[in-house]
Structures are given as structure tokens and as C-alpha cells.
Amino acid sequence: MSGAMNFKNCGSVLVTGASRGLGLQIVDSLASGGFSPGKIIATTREPERAQKLQELAQKHPNIHIITLDVVNQESIEGSVEEVGQLVQQEGLNCLINNAGINVVADFHTVTAEMMIENFRTNAVAPLMITKAFLPLLKQAASRGGAGGTGSMGIQRAAVINMTSLLGSVELNWGERANNFKWYPYRTSKSALNMVSRCMAVDLEPNGILCMAIHPGWVRTDMGGSQAPLSPEESVSSVLSVIGGLTEKDNGSFLNFTGEVLPW
Ligand code: NDP
């Protein structure tokens, strides 16, 4: 069975940054695949501007659009309230921290403000969002997942952080180090990797899986037109990997192909 099929057993998935790019594609692929979860909670900071997402939601009644600005604590708490009403006692099965920004700057142009701005969105926000949604994740995890088997995975409760290969400290060496000398983005994704690892340790006792995934280099606003992968190709692989996660993947850093990446 393909991993993506496992979304059939997943009651609810929440995606941040669903207005465009990979977030929008995740919502689209989940809604239109034969493995659609019960509730797809598509969050965006400005729903009124997310035209394509609105059109998708018109077609698929299991898409629920909720406002969430990932760097605004009040907005985070408001979204938890709304999601709680939506999922009720079922809780939230899968939280995908996808929203991200790339503040491009090299050694010569980088400023403290640029570093902090990129950190806030890419590393701090996923941590604050996961903390805020913890009661709903715990609620889902305590139900034991599909069939009440109690094994870890998206059918029970999971936090997926959309990271980047560019956050790998080990891979930023030799020939590879000559490209993408982006201090704010790279360090924010390294920090997100450590946040993922720390949360995997802390949430494991609750039966909540946590991991980080690299989606490949993808043709989105962020990835640019030169990227080799289309959003459909990337998301199809990413969903397959996420759908197949088990205990052994807790605290992992995986490529969209499913292979383990070096930290
Ligand atoms: P895009 O720039 O195309 O989209 C970014 C998304 O994040 C938008 O929906 C944007 O919303 C949202 N966002 C940014 N800031 C906030 C915020 N404060 N609150 C809510 N939403 C916000 O990027 P991609 O789709 O390409 O990237 C998605 C994720 O994948 C990112 O984390 C990125 O780092 C990662 N990634 C992407 C790669 C690629 O090649 N594309 C490679 C490796 C990792 P809005 O429309 O409101 O601005």
C-alpha cells in the first residue's frame, strides 16, 4: 500500500501556509486523491487573498479554511480555538508546519534584523504552533489511532516540519558550500531541525511522532523556475513518506524520497 493511502486513516490534517506553493499543493493533493483525510484544515494569514485555496474549498467540502499568521501568538491561539471546535473530541492527527520565508543575504549583506526575521517564521513559529496545538494532538494520540493499535504515525498524531537540505550543517561543505550562501535561511532551517529533534524527544511519551522533511527543490515562488520538481511531484512523494511514518522515524530528518539525510 502506498504511504499516501494512509491518509485515509487520518481524521484531520492541518497545513500552515496553504495560500500558495507547497502548502496549497498539499491541500489540493490531499483533497483530490483517493486517500483524502476527513478534515483538511488549510490555514493562511489572509484567507481573502488566497483565491486558489478558496476555489479548492468550494469543490471539496472537507477543506476548512482557518486564519493563522504563524508569527502572531494571538492568531495562533485563535486558530487553536477554531480547530478545537472543528475536530471536537477526535483531536488533531497531523500538523504540518509548512509556512516559511527566505530572507536572502550573504555574509556581507546580512543584518541582525534579517536573521531574527527568518528565525521567527522558520524556527520559532513551528515550535510555538506545536505548543499551542499540543492539547489537540494529545487528544488524538490518546485515542490510539485507527483501530486503536497505539502505534505511532499520522493515523494517530504527528508533527511534520517542512525543513530544507540547506539546513544540513554536514552538507554545507566542499563543493556544495559554494552555492546558496544564505545566512538567515540556512541557519533558520538548522534551528528548525534541532527544534524537531527536541520535540521528538519531548512528545514521544504522549505517542506523538515528530520529524523534519526536505521537499526537494521545487518550482514555487520560493524555489524559482529553475527548480527540477513540480509542486505535484514533490508533494506526491512527501505525502507518501509522511503517510508511511512509524516509530522508527520519530526524530528523523528525511528527504522527499524517504532517505535519511545527514544533520
Ligand atoms: P512559497 O514562498 O511559495 O510559499 C510560502 C508560504 O508560506 C505561503 O503560503 C506564505 O503565505 C506562507 N507564509 C509565510 N509567512 C507566513 C506567516 N507569517 N503566516 C502564515 N503563512 C506564512 O514557499 P514554498 O511553498 O516553496 O515553501 C514551503 C516550505 O517548504 C517552506 O518552509 C520552505 O522553506 C520549504 N522548502 C521549499 C523548497 C523549494 O524548493 N520550494 C526547498 C526546501 C524547503 P502568504 O501567501 O500569505 O505569503
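Two strands pair if DSSP finds at least two bridges between them. The legends below describe close-up views of a predicted model.

**Figure 1. Strand β1 and its pairing with strand β2.** Val-13 of β1 stands opposite Ile-40 in β2. A second pair in this view is Val-15, which stands opposite Ala-42 in β2. Strand β1 covers residues 12-15, and four bridges join β1 to β2 in a parallel arrangement. Between the two strands the chain passes through helix α1, and this β-α-β crossover from β1 to β2 is right-handed. The side chains of β1 alternate: Ser-12 and Leu-14 point one way, Val-13 and Val-15 point the other way, and all are buried.

**Figure 2. Strand β2, covered on both faces.** Strand β2 spans residues 39-44, and six of its six residues are buried. On one side lie Lys-39, Ile-41 and Thr-43, and on the other Ile-40, Ala-42 and Thr-44, with both sets buried. Lys-39 is thus listed with the buried residues of β2.

**Figure 3. Strands β2 and β3 with helix α2.** Strand β3 (residues 63-67) runs parallel to β2, and five bridges join the two. Among the residues involved, Thr-43 has Ile-66 of β3 as its bridge partner. Helix α2 (residues 51-59) completes the unit: β2, α2 and β3 form a right-handed β-α-β arrangement.

**Figure 4. Strand β4 and its pairing with β1 and β5.** Strand β4 runs over residues 94-97; Cys-94 and Ile-96 point one way, Leu-95 and Asn-97 the other, and all are buried. Strands β1 and β4 pair in the parallel sense over three bridges. In this pairing Val-13 has Cys-94 as its bridge partner, and Leu-14 stands opposite Leu-95. Strand β5 (residues 158-162) is also parallel to β4, and four bridges join them. Cys-94 takes part here too, standing opposite Ala-158 in β5.

**Figure 5. Helix α3, with a buried side and an exposed side.** Helix α3 (residues 73-87) has 15 residues, and its first and last C-alpha atoms are 21 Å apart, close to the 21 Å expected at 1.5 Å a residue. Ile-76, Ser-79, Val-80, Val-83 and Val-87 are buried in α3. These residues lie on the same side of α3 because they cover an arc of only 110 degrees around the axis. On the other side of the helix, Glu-74, Glu-77, Glu-81 and Gln-85 are exposed.

**Figure 6. Gln-88, in the loop between α3 and β4.** Gln-88 sits in the loop that links α3 and β4. Most residues other than glycine have a negative phi. Gln-88 is not a glycine, yet has a positive phi of about 55 degrees. Gln-88 has 9 other C-beta atoms within 10 Å, so it counts as exposed; the cut-off for exposed is 12 or fewer.

**Figure 7. Gly-216, in the loop between β6 and α6.** Gly-216 lies in the loop between β6 (209-214) and α6 (231-243). Gly-216 is buried because 21 other C-beta atoms lie within 10 Å, where 20 or more are required. Ala-227 is 11 residues from Gly-216 along the chain, and the C-alpha atoms of the two are separated by 8.9 Å.

**Figure 8. Leu-239, in helix α6.** Leu-239 belongs to helix α6. Leu-239 has 26 C-beta neighbours inside 10 Å and therefore counts as buried. From Leu-239 to Glu-259 the distance is 14 Å, C-alpha to C-alpha, for two residues that are 20 residues apart in sequence.

**Figure 9. The residues around the ligand.** The shell around the ligand has 29 residues, of which Gly-17, Gly-21, Gly-100, Thr-220 and Gly-223 come nearest. Helix α1 (residues 21-32) gives the most to this shell, with three residues. By type, the shell divides into 11 nonpolar, 13 polar and five charged residues.

Notes:
Residues numbered from 1 in each chain as written. Predicted model: local features only at pLDDT ≥ 70, side-chain atom pairs only at ≥ 80, totals over all residues. Near = placed C-beta within 6 Å. Nonpolar A, V, L, I, M, F, W, Y, C, P; charged D, E, K, R; others polar. Right-handed = clockwise from strand over helix to strand, strands pointing away. Expected span 1.5 Å × (residues − 1). Arc of directions from axis to C-beta.
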